[in-house]
Amino acid sequence: MTVMTQIVLAIALVLSIILPFGYYLIGEKNRGRYKTAIGVNAFFFFGIMLVAIGVMFAGTSSVQASAGAANSGLATGMGYLAAALVTGLSCIGGGIAVASAASAALGAISEDQSILGKSLIFVGLAEGVALYGLIISFMILGQL
């Protein structure tokens, strides 16, 4: 991908974010206008991403031949992808669990203050999910 193509795609990406919300901010602010701005933003953002992927994979055959020689690069890339997925998904799950446990704990504590310690244990267990995912990602990265 040439430098000029990269610059054009970067400018198009920035404009796909700025223009729909500029359109929303300039006009009167009603809910339908906001939904239109979000829809246009998503359409242009993902459209530009698809074009960028197409341009990125449209390389010469010498680049593809050298990529075939580096099979270990694929395994390393998949390992990094696995570590990122483990960390990200466990943090999302931990966040959902903490949100549920913490709101229930606050409601229970407001009725009976003696159960503060018990409710904090449940919130801590929910946070542990994210820590376990982080430990697994460190173990995956250690194998690379």
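**A guided look at five helices**

Visitor: Let's start with glycine 133: which helix does it lie in?
Guide: Happy to help, and please keep in mind that this is a predicted model. The element that holds glycine 133 spans residues 116-143. That element is helix 5.

Visitor: How confident is the prediction there, and which element has the highest mean pLDDT?
Guide: For the protein, the mean pLDDT is 79, and 83% of the residues reach 70 or more. Among the elements, helix 3 (residues 61-69) has the lowest mean, 53. The highest mean, 89, belongs to helix 5.

Visitor: Is glycine 133 buried or exposed?
Guide: The cut-off for buried is a relative accessible area under 20%. Glycine 133 has a value of 6%, so it counts as buried.

Visitor: Which residues does glycine 133 touch, not counting residues up to four places away in sequence?
Guide: Threonine 87 is a good one to look at, since its place is in helix 4, while glycine 133 lies in helix 5. Threonine 87 is one of the residues touched by glycine 133. The full set is Val86, Thr87 and Ser90.

Visitor: How far apart in space are glycine 133 and threonine 87, C-alpha to C-alpha?
Guide: Along the sequence, 46 residues separate the two. In space, their C-alpha atoms are separated by 5.2 Å.

Visitor: Is threonine 87 buried, exposed or partly exposed?
Guide: Buried needs under 20% relative accessible area and exposed needs over 50%, with partly exposed in between. Threonine 87 comes out at 23%, and therefore the class is partly exposed.

Visitor: With which side chain does the side chain of threonine 87 make a polar contact?
Guide: Beyond four places in sequence, threonine 87 touches Gly133, Leu134 and Ser137. One of these also gives a polar contact between side chains, at 3.0 Å. The partner is serine 137.

Visitor: Which backbone oxygen does the side chain of serine 90 reach?
Guide: Serine 90 sits in helix 4 (residues 71-111), and it is buried, with a relative accessible area of 11%. Leaving aside neighbours within four places, its contacts are Leu85, Val129, Ala130, Gly133 and Leu134. Its side chain also reaches a backbone oxygen at 3.1 Å, that of threonine 87.

Visitor: What is serine 119 in contact with, leaving aside neighbours within four places in sequence?
Guide: Serine 119 has its place in helix 5. With a relative accessible area of 9%, serine 119 is buried. Its contacts beyond four places in sequence are Ala105 and Ile109.

Visitor: Turning to the surface, is leucine 19 buried or exposed?
Guide: Leucine 19 is found in helix 1 (residues 3-26). The cut-off for exposed is over 50%. At 55% relative accessible area, leucine 19 is therefore exposed.

Visitor: What accessible area does the nonpolar patch with Leu19 have together?
Guide: The other members alongside Leu19 are Val3, Met4, Ile7, Val8, Ile11 and Leu15. For context, the accessible surface of the protein comes to about 10400 Å², with 75% belonging to carbon and sulfur atoms. The patch residues together have about 680 Å².

Visitor: Finally, what share of the contacts with a separation of 6 or more comes from residues 24 or more positions apart?
Guide: The protein has five helices and zero strands, following the pattern α-α-α-α-α. Of its 144 residues, 15% count as buried. Among contacts with a separation of 6 or more, the share from residues 24 or more positions apart is 66%.

How values were computed: Residues are numbered from 1 along each chain as its sequence is written. This is a predicted model: local features need pLDDT of at least 70, side-chain atom pairs count only at pLDDT 80 or more; totals for chains, interfaces and linings use all residues. Side-chain values use heavy atoms; hydrogens and water are left out. Patches are made of residues with over 30% relative accessible area and no salt bridge: like charges are joined within 9 Å, nonpolar side chains (Val, Leu, Ile, Met, Phe, Trp, Tyr) within 5 Å. Accessible areas come from the Shrake-Rupley method with a 1.4 Å probe; for residues, only the protein chains shown count as cover. A salt bridge is a side-chain nitrogen of Lys or Arg within 4 Å of a carboxyl oxygen of Asp or Glu. Helices (H or I, at least four residues) and strands (E, at least two) are DSSP runs, numbered from the N terminus. Buried means under 20% relative accessible area, exposed over 50%, partly exposed in between (1.4 Å probe, protein chains only). Contact means heavy atoms within 4.5 Å. A polar contact is a pair of N or O atoms within 3.5 Å; within protein, one must be able to donate a hydrogen and the other to accept it, and residues adjacent in sequence count only if both atoms are side-chain atoms. pLDDT is the predictor's confidence in each residue, from 0 to 100.
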